[in-house]
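Reader: I would like a close look at a single part of this model, namely the nonpolar core and the sheet beside which it is described. Please take me through it in one connected account.

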Amino acid sequence: MSTAPALDPAHTALLVMDYQPAILAALPEAGDREALLGRMEGAIADVRAKGGTIAYVRVGFTEADWDAIPAVNTSFALLAQHRVLHHEDPATAIHERLAPQHGDIVVRKTRYGGMSTTDLDQQLRERGITTLVVSGISTSGVVLSTVIDAADRDYQLCVLSDGVADPDTEVHNVLLHRVLPSRAHIVNTAELHALLRAG
């Protein structure tokens, strides 16, 4: 059983990051993608029902964003060169099964981390959020970057173990079991439900 503390929904946000068709398509198995979406539907419903905050982070680029990416950026220069992930492309929208509702936070980013190129941190603090439950694709991208950044900003952190995924299973497992636990409590969706009830 997780040693994570009970969560006060009034000060807790579930981060739903990069759950976009274009990003989901990089995961290996369609069945796994469907199961992942189903678990996230449940987690979002749990947090909503308890009065917590849902914060969506999506990646997408404007022409100006692409033009601002320097050639030395080994991760994003190729995206800019090929004009991939335009912010108005339906493939960069948040997946319809997890669609935002009125009052949710929605931000668009242009790098890996959920906070570095957005006002997410400001919006969370304005709502009194002190605890983040992190989910996203991929574990080695948005999840790792956001957890490190959010830990440095002194958020209490939980990573949703069955709400994160990566195209590279080996990297995913190393991060989830060896790297992320030094900065976050690792919980699954069933544990999240119990922690919210206990809060």
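Author: Contact here means heavy atoms within 4.5 Å. In this predicted model, leucine 98 touches Val16, Tyr19, Leu37, Met40, Glu41, Ile44 and Tyr56, leaving aside residues up to four places away in sequence. Leu98 also belongs to the largest nonpolar core, which has 34 residues, and there Leu14, Val16, Tyr19, Leu98, Leu160 and Leu192 are the ones that touch the most other members. Two or more residues of this core come from each of β1 (12-17), α1 (21-24), α2 (30-49), β2 (53-59), β4 (131-137), β5 (156-165) and α8 (189-198), and α2 gives the most, with six residues. Separate from this is a second core of 26 residues, whose members include Val57, Val147, Leu157 and Ala184.

As for the strands, six of them form an open sheet in the order β3-β2-β1-β4-β5-β6, paired in parallel. At its edges are β3 (105-109) and β6 (185-187), each of which pairs on one side only, and the twist from one strand to the next averages 25°. The parallel pairing of β5 with β6 extends over three bridges, and valine 159 has isoleucine 186 of β6 as its bridge partner. Across β5 and β6 lies helix α7 (residues 169-179), which runs at about 155° to β5.

Another residue to examine is glutamine 123, in helix α5 (residues 120-126). Its side chain is joined to that of aspartate 119 by a polar contact of 2.9 Å, and, with residues up to four places away in sequence not counted, glutamine 123 touches Ile105 and Val107.

Technical notes: Residues are numbered from 1 along each chain as its sequence is written. This is a predicted model: local features need pLDDT of at least 70, side-chain atom pairs count only at pLDDT 80 or more; totals for chains, interfaces and linings use all residues. Side-chain values use heavy atoms; hydrogens and water are left out. Helices (H or I, at least four residues) and strands (E, at least two) are DSSP runs, numbered from the N terminus. A polar contact is a pair of N or O atoms within 3.5 Å; within protein, one must be able to donate a hydrogen and the other to accept it, and residues adjacent in sequence count only if both atoms are side-chain atoms. A nonpolar core is a set of buried Ala, Val, Leu, Ile, Met, Phe, Trp, Tyr and Cys residues joined through side-chain atoms within 4.5 Å. Buried means under 20% relative accessible area, exposed over 50%, partly exposed in between (1.4 Å probe, protein chains only). Two strands pair if DSSP finds at least two bridges between them. Axes are lines fitted to C-alpha atoms, for helices over the stretch in contact, and angles run from 0 to 180 degrees between N-to-C directions.
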